[in-house]
Structures are given as structure tokens and as C-alpha cells.
Amino acid sequence: MSEDLVRILNGSTFVVCDRRGDIEASPTDPTGLFAFDTRFLSRWVLTVDDERLTALSTDDLQYFETRFFLVPGTGTVYVDAKTTVIRQRAVADGFLEQLTVLNHDVKPVELTIRIEAAADFADLFEVKDALQKKGSYTVEAVAGQLVMSYRRETFHRSTTVTSTQPAEVDEHGLTFTTHIEPHGAWHTELTVRAVVLGPGERPLKPTAAADDERREMLEDLERWLARAPRLTCDSDSLVATYRRSLIDLAALRFSPIIAGPHSLPAAGLPWFMTMFGRDSIFTSLQALPFAPELARTTLRVLGDWQGNRVDDFRDEDPGRILHEVRYGELSAFQERPHTPYYGTADATPLYVVLADEYERWTGDAELVRQYEQELRAALRWIDDYADLQGNGYVAYQRRNEETGLENQCWKDSWDGISYRDGRLPGFPRATCELQGYAYDAKMRGARLAREFWDDPAYADDLERAAADLKNRFNRDFWIEDGQYYALALDADGAWVDALSSNVGHLLWSGIVDADRAPAIAGHLLGPRLFSGWGVRTLAAGEARYNPIGYHNGTVWPFDNSFIAWGLRRYGFPVEAARIAAGNLDAADFYHGRLPEAFGGYERTLTKYPVEFPTACSPQAWSTGAPLLYLRTMLGLEPHGNHLVVEPALPVGIGRIELLDIPGRWGRVDAFGRGLVEVGTGAGGGSPTRLAAPVRRA
Amino acid sequence: MTAIDDFFADLERRGHEPMLRRLSATVRWDILDGDRTEHRLVRIDHGDLRVAVSDEPADCVIIAERAVCDDVVSGRTSALAALLRGAAAIDGDFELMVLAQRLFPRTSGGSAGRAVAAAGGPPS
């Protein structure tokens with residue numbers, strides 16, 4: 001996406017427009033007003049006396065609100081400064097645009113102000129893939145209102161445009177004939193509503209008045225920021241990144257229809273403003289010390305939507321946690337499987353991991369008791385449905401060959417999983433991190449069974465199974481020559497032998513034998529994986545390594561944040577701090593907003609982190625990464641009803657205070673000082689282990 | 001008798017759904033059949049199920065043509081897809097609609113994924 005585009009965002013509704021506030025969408029670009037994965041406005045162009053406007057400035061007031069200062073004319077040399085146009089747009093269920101025209105002249109003026117509007121109702125998938133529509137359009141201009149509709153059988157979406165000032169409405173827009181006194185102003189409010197209509201023309205979701213919504217959103221953002229722990233720190237850069245993260249997380253919150261007023265993180269703008277199992281879980285984990293309510297909603301909503309039957313089209317099994325939900329036309333007509341789609345192998349074990357971690361932080365025993373059946377079903381799925389080859393390992397292979405996902409782990413691009421020589425393995429694929437997640441899910445499930453479900457026998461079974469999995473894993477995945485774990489086992493049980501960042505997730509999950517952890521830490525901070533900015537997805541030297549390969553060499557902040565957490569868990573606080581410092585330095589180049597991924601080039605070579613070309617931004621799990629770094633660097637760990645603080649911070653951070661950290665302890669403060677020398681170079685040196693592996697209580 | 005009738009008959013026989021043990025609520029189906037509407041009220045009490053022919057108020061009402069109901073319970077379409085298509089409507093608590101899907105018959109047997117893996121891929 002071009003940097004010249006303006007994005008205004010509120011949960012699953014968003015506007016992407018140019019710097020004037022205009023929308024002129026081509027069939028394949030992601031500009032427009034989007035809601036429910038549908039483009040409700042593909043054209044929205046303002047003219048004054050048939051002239052387009054020029055932007056003097058564009059200011060983001062809030063994540064959901066932007067103000068555009070404009071003057072008529074598009075010439076680069078001469079602008080007629082006798083008229084100023086101010087558009088202020090707030091996104092809600094559609095948007096509210098306050099349009100003000102100022103006359104700076106000593107004479108009155110007559111101006112014709114026009115808004116051109118059109119809606120192509122493209123499904124977001126169609127925008128991605130340039131597909132043709134199958135339904136029919138109608139446009140009605142009645143009673144000062146413009147109503148654009150799209151119908152296909154019983155499928156009905158509609159965009160309405162209304163104005164507080166009387167307008168001449170035709171099928172292509174609204175025209176205002178204005179008279180403005182000297183130094184006077186003309187003002188109107190335009191309301192654009194995106195409506196999903198059910199039987200009897202009833203909206204699927206009731207809509208509130210637009211300005212009420214705007215006020216509520218403002219208050220809500222203030223409450224959200226006030227509830228989060230306060231950070232003070234010698235590093236202005238870290239303070240700015242923290243604030244950016246909190247605001248972006250607020251923007252990415254999304255209330256699926258079943259969650260009422262509660263919200264969970266959507267994955268990222270522009271393609272992924274929807275519920276994703278994996279992304280919502282990882283982001284909720286990252287944000288736990290700061291906004292535990294996200295985890296609560298994620299657990300509830302993903303639990304409610306847990307798979308119930310065997311459905312090959314949706315890759316659904318009983319107990320499986322969903323991958324992705326979509327609301328657009330293609331999903332509604334089952335031309336895409338996203339209602340919901342279940343093709344992910346990691347969300348189900350991670351669901352159990354999140355439930356346990358959530359209870360350890362919040363003490364919310366009621367939720368893990370209430371969702372006992374879902375958690376048990378998730379644990380059953382690991383053994384009964386995910387072990388595709390009967391060899392005791394979680395593996396994936398899609399059953400929906402047409403529109404299902406080929407790679408059902410987080411590295412989901414077509415070439416994301418490869419052998420050292422670049423060949424791609426067949427299916428099923430049992431990637432290593434899935435075994436780590438399964439191990440962790442069993443261990444944490446055992447704690448839940450013992451402490452909350454009154455089922456010590458089940459807890460014993462789970463612990464035995466976890467111990468057995470760990471043994472087998474350390475035997476079958478360990479590549480002795482290279483001193484690391486294989487990326488995956490292929491269909492024949494042979495190693496997919498590339499060195500990848502996935503080994504870092506294994507530390508986080510605790511499946512790594514303690515005596516092998518130093519070798520893994522050495523690889524993660526070594527020259528092949530560590531760029532100086534962070535850990536590459538694939539090690540330099542592997543055949544498919546490419547510093548701008550989506551999953552084959554770029555650095556992903558989300559990935560790095562869990563790797564750093566894993567290093568801390570195994571007693572490598574210095575290494576964790578180095579990764580955190582590299583990523584947080586990178587964040588500075590993006591004004592505190594870490595992108596989805598950036599290039600894996602050597603830090604000494606590029607001096608700045610090169611952004612991956614089509615990365616989503618903001619993206620929830622990148623937004624969550626600085627939060628997890630704070631937790632990791634401060635060494636925050638719940639221990640019974642207390643919060644343990646054990647800082648290991650990079651020197652550049654100086655003094656740091658994180659105040660009012662919420663949890664089962666009420667609210668507590670954490671203090672620290674940067675004492676760890678991290679340097680800025682790429683990998684090298686041997687890891688120093690400061691403590692024995694941290695065991696969970 | 002269509003799939004939706006079989007579904008309610010089966011619910012009566014089952015009498016209990018363990019995946020709904022945390023739930024006590026009422027869900028009503030309004031099945032549109034030409035100009036007639038049939039009502040089925042399902043009372044869920046900690047997973048115990050009772051079905052009645054009744055149009056009394058419920059926490060969640062699911063309204064759809066008989067053919068759509070048949071498609072949903074037999075798995076030819078998902079409830080969410082039907083809703084997004086405008087082929088069904090919900091009155092009341094949306095979360096209950098989501099949970100009510102646990103009442104639908106499950107395909108018995110083990111891992112479909114394992115069968116596919118054993119066959120070397122999905123049938124083409």
C-alpha cells in the first residue's frame with residue numbers, strides 16, 4: 001500500500017483514501033470504505049465549482065478520526081486561498097463527515113459543492129483477486145437520501161448517504177448550492193451508513209446514531225489508555241513506542257457480533273480486519289500484562305465458535321479452534337470456506353496455552369471452569385484429529401484442496417517450509433513449533449485439570465503424555481550435526497532440515513531439553529539468524545534464504561517477541577534483551593509502529609530496517625510485540641498471587657518504571673534500570689546463561 | 001419429514017449435550033413452510049435438552065425457510081453463511097445461535113484428516 005494513503009480505522013470498519021480524503025477505487029486496489037469485508041464506497045470525491053481540491057494538511061486526530069485541510073484547485077503553483085475546505089471524518093458503522101467551507105474573501109461567494117459517490121460492494125477477496133460480481137445494483141435518490149444497494153438472491157448490502165443540509169441528490173452523488181457571506185462559513189454533516197440487511201430488510205446489527213458513536217469512541221479510548229499501566233522511562237523512544245502500541249491495539253479491537261460490547265484483536269489493516277484464531281491468541285498473550293480483557297474475550301469467542309463436526313470444506317473437526325471468519329459475499333455463498341474456516345494447526349493448542357496464562361495473571365478461575373468442556377475438547381483434538389499419521393505428532397494437510405490453506409502454521413506462504421536445499425516437502429507436514437505448542441498445552445491443561453476441574457487423574461495423564469512427547473521430540477527432531485531442531489518432519493518422517501526461527505518458539509513452549517538450550521540460543525543470536533535488528537525467519541545460507549522473502553529471511557517482530565520470551569524462560573536474559581533492543585531500535589524508524597515484517601539485511605549493511613513491501617500495518621501481533629518485550633525485559637512472571645519482577649534491560653533504556661500492572665495481585669509497580677550491554681552488531685559470541693531454566697509454578 | 005424434523009426427533013432421544021453443560025437457556029426455531037410457520041422450542045438446562053412445539057418467547061429465535069433449516073442441520077451450509085446471505089435471521093442473543101450449533105448431529109468416526117493423509121491427499 002502506498003504511503004500516500006490515509007487509513008482511518010475502527011475495528012472491522014475502515015476507510016482508505018488519498019490525502020484529500022477522496023476515494024477513487026480501481027477494481028484491485030484496497031481504497032474505499034470497508035465493513036463486513038465488503039467495500040461500501042468505491043467512489044467519494046469532493047469538488048468545489050467542479051474543481052478537485054489540494055490537501056494543505058492531513059491530521060490523524062484519533063485512530064478513528066482524521067481532518068483534511070483543503071483548498072480548491074490542483075495546480076502545484078497557484079492555489080486560490082480565498083476558500084478553505086475542512087473535512088473531518090470519523091469512522092463508525094460507516095462514517096460521519098463534517099464538511100466546512102470557509103470564505104476568506106471580503107465579498108460573498110456562490111459555490112457549488114458536490115460529492116460524487118458510488119459503491120461497488122466488492123468482497124475484500126475480490127479486491128485481492130479481481131473477481132467479477134454476480135448480483136445486481138440499484139441506486140435510489142429519494143427524500144434527500146442516496147441509497148446504493150447490491151442484491152444477489154437473498155444477499156443484500158446497502159450504503160446510505162444523508163446530509164444535514166438540503167442537497168440535490170442524483171444517482172451519482174449530492175450537490176449543494178451555497179451562498180457564503182464574507183468571512184463566513186458553510187457547514188454540513190454527511191453520514192454514510194454501511195448496512196447488512198437480513199430477511200424483511202432488517203439490519204443484521206442495530207446501528208446507533210453516528211455522533212453518539214463518535215463520543216463513545218472518544219471516551220472509550222480515554223478509558224483504555226487510563227486503564228493500561230503507565231510507563232515512564234529515560235528512553236523517549238520506548239515511551240513513544242509504548243503509547244503507539246496501546247493506541248494501535250485500541251484501533252484493532254473488534255467486536256464480533258456475538259461478543260456484545262466486548263472486543264478482541266483483529267489481525268491487521270487492510271486485509272485482515274477480522275477474527276483470526278492464531279493472531280487473536282498471540283496478541284492477547286502479548287497484551288496480558290497490559291489489557292487482560294482482550295484475552296478474556298478471545299477465549300470466550302473462540303471457545304463459542306470451536307469446531308463441532310467434521311466438515312471438509314471448512315477443514316473443521318470437533319474441538320478445533322477457528323482460523324479465520326469472513327463476512328463478505330464469497331463467504332456467504334460458500335465460494336470461500338470462511339464461515340468460519342478452521343484450517344490452522346496451531347490455534348487449538350495455543351487456545352489452551354492462553355487460557356492457562358490468562359488465569360495465572362488474572363486469577364479468573366470462573367472462566368477456565370466455565371470453558372472446561374471447550375478446553376478438554378481442544379486437548380482431545382490434539383490427539384484425536386491433529387495426529388494425521390498416527391505417529392504422535394501434530395501435523396497438517398488441508399481437506400479443502402480448492403480454497404483451503406496449504407500451510408496451516410504461522411509461516412503460511414506457499415514456500416514458507418523448505419529443506420536446506422530449497423525443496424518443498426509434501427503433506428502432511430509436522431512443523432516443530434506445533435509440537436512445542438502441543439507440549440505446552442498438555443502441561444498447562446494438566447494444571448487446569450488439577451487446580452480447577454478437580455480431575456487429578458486427567459492431569460497425570462496429560463503430564464505423562466507431555467513428558468513422552470518431549471522425549472520423542474528431542475529424539476526425532478534433533479539434528480546432531482547442526483545442533484538444532486529440524487523445521488519439520490515430512491510425510492515420511494524425515495527431517496525438513498532448514499535452520500529457522502521456529503526453534504525460538506520451542507524455547508517459549510518449554511519442549512527443549514535443558515542441555516540443548518545453549519546451542520539453540522547460540523543459533524538464534526548467531527550470524528546466520530540474527531541480523532542485528534532481530535532474528536530472521538530463515539537462516540542465511542539456506543537455499544531459500546532471501547532477506548526480503550516473506551517467511552524466508554525477513555524479521556517478524558511478533559516472532560521475535562516470543563523468541564525473546566523463550567530465551568528468558570530458559571535463563572538467557574542477555575540474549576532476550578539483545579533481541580528486544582534490536583526490534584525496539586527498529587520501531588523507532590517506524591515512529592513506534594512495528595510493521596508486520598522487515599528485511600533481514602545485516603544491520604551494519606543497511607543502517608535502517610527495510611520495510612517488507614506489502615506488509616500490513618498496523619498489525620495486531622506486531623503492535624503487541626513491544627508489550628511482550630516490556631514483560632520480558634522486566635522479567636514479569638506471575639508466581640501464585642504475586643508478580644515477580646526480575647529486570648534485565650538493555651543499557652539504552654536507562655531507568656524504567658511500569659506502574660499499575662493489573663493482575664490477581666490487584667495492581668503493582670515494576671522498576672528497573674538498563675544494565676545489559678547489547679551492542680548493535682549481528683550475531684556472534686557464545687550465549688551466557690545466568691540462571692537455571694525457569695519452571696512454571 | 002425433512003432433515004430439520006429428524007434433528008428435533010434426535011434431540012429428544014439424545015436428551016443431553018455435554019458441550020452445553022455450561023448453558024441454561026431457551027432457543028426457538030421458527031421454520032417457515034410456505035405461509036405456515038412451525039415453532040420448536042428447545043430448553044437447555046445445563047446441557048439437558050427438552051424439545052416442545054411452542055411459540056413462547058425464547059432467549060434466541062432462529063428464523064429460516066424449511067429448506068435452509070434442512071441445509072444447516074445437515075451441514076450443507078453453515079449457519080453463519082445463511083445469516084450473511086440473508087437466508088436466516090436471529091432475534092435475541094446471538095451467542096446462543098453460535099452455541100446452538102452444538103446441537104447439530106456430528107459425523108461419527110475418527111479423524112477425517114488422518115484418512116486423507118493415509119490416502120495421500122483428498123479425493124479429486
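Where in chain A does A:Pro340 lie? That was my opening look-up today, and I found A:Pro340 in the loop between α6 (329-332) and α7 (347-362) of chain A. A reminder to myself before going on: this is a predicted model.

**Entry 1: cis bonds and an odd phi**

I went to A:Pro340 for its peptide bond. The bond that joins A:Thr339 and A:Pro340 is cis, with omega at about -15°. I then turned to another proline of chain A. From A:Phe427 to A:Pro428 the peptide bond is cis as well, and its omega is near 0°. A:Pro428 sits in the loop between α9 (372-384) and β21 (430-431) of chain A.

I also noted A:Phe121, whose phi is near 50°, a positive value in a residue other than glycine. Its place is the loop between β11 (109-118) and α1 (124-129) of chain A.

**Entry 2: the eight-stranded sheet of chain A**

Next I traced a sheet in chain A. I read an open sheet of eight strands in the order β7-β8-β9-β10-β17-β14-β13-β12, with antiparallel pairing. At its edges I found β7 (53-62) and β12 (136-142) of chain A, each of which pairs on one side only. From one strand to the next, the twist averages 15°.

I picked one pair of strands to follow in detail. Strand β8 (residues 65-72) of chain A runs antiparallel to strand β9 (residues 83-92) of chain A, and six bridges join the two. If you want a spot to click on, try A:Arg67, which stands opposite A:Gln88 in β9(A).

**Entry 3: a salt bridge inside chain A**

I searched the whole structure for salt bridges and got 72 over all chains. One of them links the side chains of A:Arg52 and A:Glu24, at 2.9 Å from N to O. What does this pair tie together? A:Arg52 lies in the loop between β6 (43-48) and β7 of chain A, while A:Glu24 is in strand β3 (residues 23-24) of chain A, so the salt bridge ties together parts that are 28 residues apart in sequence.

**Entry 4: what the record says about chain A**

I checked UniProt for chain A. The unreviewed entry lists residues 279-582 as "domain: Mannosylglycerate hydrolase MGH1-like glycoside hydrolase". In the model, this span of chain A is 46% helix and 3% strand, and its end C-alpha atoms lie 23 Å apart.

**Entry 5: chain B by itself**

I moved on to chain B, where I counted five helices and five strands. Going from the N terminus, I wrote down the order of elements as α-β-β-β-β-α-α-β-α-α. The C-alpha trace of chain B spans about 50 × 35 × 25 Å along its principal axes.

The sheet of chain B is open and has five strands in the order β3-β2-β1-β4-β5, with mixed pairing. β3 (48-52) and β5 of chain B are the edge strands with a single partner each, so one side of each is left without a neighbour in the sheet. Direction ignored, neighbouring strands of this sheet are turned by 20° against each other on average.

I looked at one edge in detail. Strand β4 (residues 60-65) of chain B is joined to β5(B) by five bridges, and the two run antiparallel. Within that pairing, B:Ala64 has B:Ala88 in β5(B) as its bridge partner. I also saw that α2(B) lies across β1 (24-33), β2 (36-45) and β4 of chain B, running at about 110° to β4(B).

**Entry 6: where chain B meets chain A**

Last, the interface. I found 44 residues of chain B in contact with 47 residues of chain A. The two chains bury about 3,600 Å² between them, 55% of it on carbon and sulfur atoms. Which residues of chain B lose the most area to chain A? They are B:Arg22, B:Leu84 and B:Arg85, together 19% of what that side buries.

B:Arg22 came up again among the charged pairs. It forms a salt bridge with A:Asp304, with the closest N and O atoms 2.7 Å apart. Across this interface the rule finds four salt bridges. I also noted 17 residue pairs in polar contact between chain B and chain A.

Which elements of chain B give two or more residues to the side that touches chain A? I listed α2 (66-73), α3 (79-84), β5 (88-92), α4 (94-100) and α5 (112-118) of chain B. With five residues, α5(B) gives the most to that side.

Terms used. Residues numbered from 1 in each chain as written. Chains lettered and ligands numbered in written order. Predicted model: local features only at pLDDT ≥ 70, side-chain atom pairs only at ≥ 80, totals over all residues. Heavy atoms only, no water. Pairing = 2+ DSSP bridges. Helix = DSSP H or I, 4+ residues; strand = E, 2+ residues; numbered from the N terminus. Axes fitted to C-alpha atoms, helices over the stretch in contact; angles between N-to-C directions. UniProt positions renumbered as here; feature names shortened; annotations may be inferred. Contact = heavy atoms within 4.5 Å. Buried area = accessible area lost by both parts, 1.4 Å probe. Polar contact = N/O pair within 3.5 Å; in protein donor to acceptor, adjacent residues only side chain to side chain.
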